[in-house]
Every structure is written in C-alpha cells, then in structure tokens.
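Here are a few exercises to work through with the model open beside you. Try each task yourself before you read its solution.

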Amino acid sequence: MTTSAAPHSPAAASRIAVPARTAHRRVEVDGVDVFYRESLPERADAPVLLLLHGFPSASHQFRRLIDTLGAQYRLIAPDYPGFGHTEAPTGFTYSFERLADITEGFVEHLGLRRFTLYVFDFGAPVGFRLALRHPERVAGLVVQNGNAYEEGLSDGAREFIALTPELPGAEETIRGLLTLDATRGQYEGGTLDPQLVAPEGWLLDQHFLDLPGRTAAQLALAYDYRSNVAAYPAWQAWLREHRPPTLITWGTNDPFFPEPGARAYLRDVPDAELHLFETGHFALEDRLPEIAPLIADFLDRTWPRA
C-alpha cells in the first residue's frame with residue numbers, strides 16, 4: 001500500500017519549534033573518558049551555555065532543555081567522573097576538587113574561552129571552582145537550586161554534610177540515598193503534579209548508580225561535601241568582586257536547598273534576576289516551559305557580542 005505525504009503547510013511549520021540536533025561525544029581528559037552532549041546550533045557564533053548537572057544525575061537531565069534551546073544556543077553538558085556514561089580509571093580520587101579538575105580540562109579541550117555557567121546542585125561546587133580559577137571565561141550564571149550559602153542548607157542537608165566515615169551508621173545513611181525510592185523521591189518530591197515528571201530520569205540515574213564502583217564514588221563525594229561549605233565564603237567573594245550577570249530559577253520545595261539559598265545570592269549580586277517556582281529539586285522536569293524562555297532571554301541580553 002502506498003501513501004502520499006501530506007501537503008506542506010507553511011502556517012503549521014511556523015508553529016513548530018524544531019528540536020536541536022545534538023551530538024553525543026567522548027573526549028579523554030587526564031585518563032578519564034568524558035562523555036558529553038553538545039547541541040549543534042544554526043549559528044557558529046551562538047552563545048555557549050555549559051550545563052553542569054547534579055546528584056544523582058548526569059547530562060541526560062538536560063535533554064529536554066537541549067532540545068528546546070539548542071538550535072539557537074550552543075549547549076554543552078558533560079558527565080562527571082562517577083556519573084552517567086563517563087568512565088574513570090581504577091584508583092581515581094573522587095572529590096569535588098577532582099571533578100572540577102576534569103571539567104576544567106574538558107573545557108580547555110573543547111577550546112571554550114567564554115561561556116555562561118548553568119549550575120545545579122553538584123554543578124555549583126564544580127562551577128564555582130571553575131569560576132575562581134578562570135573568572136575571565138564566565139560570561140554569566142544561571143543558578144538553579146545550586147547552593148552557595150549557609151542559609152541555603154536545610155536541616156536534613158546539614159545532618160548529611162556532617163557525616164564522616166568514622167561516624168557509626170554514616171555509610172548506611174548515605175547508601176539509603178542511593179536507592180531507587182530515594183532517587184525517585186528527589187525527582188517527584190516537592191512537585192505539584194508528579195505526573196509531569198517523566199520516570200526515565202530517575203530510572204536512568206539508578207542504572208548508573210548501580211554500576212560497579214559507583215557506590216564507592218558517591219560515598220567519597222558525600223564525605224567530601226563539607227569542602228564545599230568551607231568554600232562558600234570564597235565563592236561569595238568572587239560573586240561580589242565580579243558581579244556576573246545572574247539568573248536564578250529555584251524550586252522552593254527543594255528538601256536540600258530551600259528558598260533562602262536563592263535569595264541569599266542577592267546580597268552579593270544585587271542585580272541578579274530571581275524567579276521562584278513551586279516545585280522541587282529537579283525544577284526543569286515540570287517547569288521547563290517557564291524556565292527555558294527565561295534562559296533564552298537572559299542569554300540574548302547578556303552574551304557578549306563581537
């Protein structure tokens with residue numbers, strides 16, 4: 001049976017937002033096989049947005065954002081060592097400093113001399129370390145539930161950060177956060193309508209968490225999280241000194257990083273644009289239709305033009 005294509009409708013085509021073409025690539029950085037996603041925008045000089053993912057996820061958490069904005073902007077999302085498709089060698093030391101080292105090497109390998117940083121959750125410790133090392137590269141910040149302030153830590157987060165290897169029950173507590181129920185809860189918790197959250201996100205995260213060696217990596221990073229809190233004053237000083245254009249989009253029902261953490265940025269970057277959403281930790285899951293246009297408008301206004 002032969003069918004013919006429907007007549008082309010220019011009116012219909014004008015209403016369709018064409019998804020971006022996305023390349024899925026690998027590059028070796030200091031012995032680490034780094035996997036990353038990169039959109040292929042229509043313009044060679046498109047603004048660059050470096051997407052730094054959180055726990056327990058990887059670059060796949062940005063798939064819909066890349067589809068939505070990647071045709072007009074160059075969106076690049078790497079997986080850290082210990083996450084997603086990236087493969088680290090045996091004996092790799094898992095700390096936030098080392099995650100920043102590999103991400104810095106990744107940026108240099110791609111030749112990224114200027115980019116806007118999207119920092120979410122673990123992406124904040126990685127991103128602010130990059131910013132301190134190379135402030136000249138940072139054209140702006142998009143902060144989504146990426147904490148840099150003491151008041152942005154919930155009581156539960158403080159208790160978690162206080163865990164040490166010597167503390168009885170500490171490892172069991174951390175392992176409890178690596179289960180499917182906990183992973184799903186991070187996605188659906190705090191949302192007004194969990195039906196808007198696709199299950200593939202937490203299922204894929206759990207697949208990667210369950211790979212050999214990943215539990216040890218997450219234990220090491222959990223114990224090292226206190227190094228980020230110790231670095232908060234340095235990150236805040238960088239914000240005050242450089243005053244980067246900043247867009248803050250924050251899920252106010254985040255059980256780890258509550259709303260005061262979003263407002264605290266305004267002390268050091270008074271001109272930051274703050275947008276609060278009644279949702280949870282992974283705000284892009286159900287609030288992408290509101291957040292994506294904010295990011296596009298922000299990049300259009302703040303990206304340095306030749």
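Keep in mind that this is a predicted model.

**Exercise 1. Find the cis peptide bond that joins Phe55 and Pro56, and say where Pro56 sits.**

Step 1. Go to Phe55 and Pro56 and check omega for the bond that joins them: omega is about 0 degrees, and the peptide bond is cis.

Step 2. Now look at the elements on either side. Pro56 falls in the loop that runs between strand S3 (48–52) and helix H2 (63–69).

**Exercise 2. Asp30 and Arg243 are not glycines but have a positive phi; work out whether each is buried, partly exposed or exposed.**

Step 1. Start with Asp30, where phi is about 50 degrees. Asp30 belongs to the loop between strand S1 (22–29) and strand S2 (32–39).

Step 2. Check the accessibility. Exposed means over 50%, and Asp30 has a relative accessibility of 58%, so Asp30 counts as exposed.

Step 3. Turn to Arg243, with a phi of about 45 degrees. You'll find Arg243 in the loop between helix H10 (226–242) and strand S7 (246–251).

Step 4. Its relative accessible area is 45%, so Arg243 is partly exposed.

**Exercise 3. Describe the ring pair of Tyr36 and Phe106, then do likewise for Phe96 and Tyr225.**

Step 1. Get the overall count: a search of the whole structure turns up 16 aromatic pairs.

Step 2. Recall what to look for: a pair of aromatic rings is described by the distance of the centres and the angle of the planes.

Step 3. For Tyr36 and Phe106, the centres are 4.9 Å apart and the planes stand at 70 degrees. Planes over 60 degrees apart count as edge-to-face, so that's what this pair is.

Step 4. Place the two rings. Tyr36 is in strand S2 and Phe106 in helix H3 (residues 96–110), so the pair ties together parts 70 residues apart in sequence. Tyr36 is buried at 7% relative accessible area, and Phe106 is buried at 0%.

Step 5. Next, Phe96 and Tyr225: 5.6 Å centre to centre and 90 degrees between the planes, an edge-to-face pair. Phe96 is in helix H3 and Tyr225 in the loop between helix H9 (214–224) and H10, which puts them 129 residues apart. Phe96 is buried, with a relative accessible area of 0%, and Tyr225 is buried at 8%.

Step 6. Follow the ring pairs further, and Phe96 and Tyr225 turn out to be linked into a cluster with Phe55, Tyr80, Phe83 and Phe122.

**Exercise 4. Describe how helix H7 (residues 180–188) packs on H8, then look at Gln206.**

Step 1. Find the geometry. The axes of H7 and H8 come within 9 Å and cross at roughly 140 degrees. The crossing is right-handed.

Step 2. List the residues in contact. H7 brings Leu180, Thr183, Arg184, Tyr187 and Glu188, while H8 brings Gly201, Trp202, Leu203, Asp205, Gln206 and Leu209. Sort them by type and you get five nonpolar, three polar and three charged residues.

Step 3. Zoom in on Gln206, in helix H8 (residues 200–209). Its relative accessible area is 7%, so Gln206 is buried.

Step 4. Check the partners. Setting aside neighbours within four places in sequence, Gln206 is in contact with Leu178, Thr179, Leu180 and Thr183. With Thr183, there is a side-chain to side-chain polar contact of 2.7 Å.

Note on methods. Residues numbered from 1 in each chain as written. Predicted model: local features only at pLDDT ≥ 70, side-chain atom pairs only at ≥ 80, totals over all residues. Heavy atoms only, no water. Helix = DSSP H or I, 4+ residues; strand = E, 2+ residues; numbered from the N terminus. Buried < 20%, exposed > 50% of the residue type's maximum accessible area, 1.4 Å probe, protein only. Polar contact = N/O pair within 3.5 Å; in protein donor to acceptor, adjacent residues only side chain to side chain. Contact = heavy atoms within 4.5 Å. Phe/Tyr/Trp six-rings, centres within 6.5 Å; stacked < 30°, edge-to-face > 60°. Axes fitted to C-alpha atoms, helices over the stretch in contact; angles between N-to-C directions. Left-handed = near helix turned anticlockwise from the far one by under 90°. Nonpolar A, V, L, I, M, F, W, Y, C, P; charged D, E, K, R; others polar.
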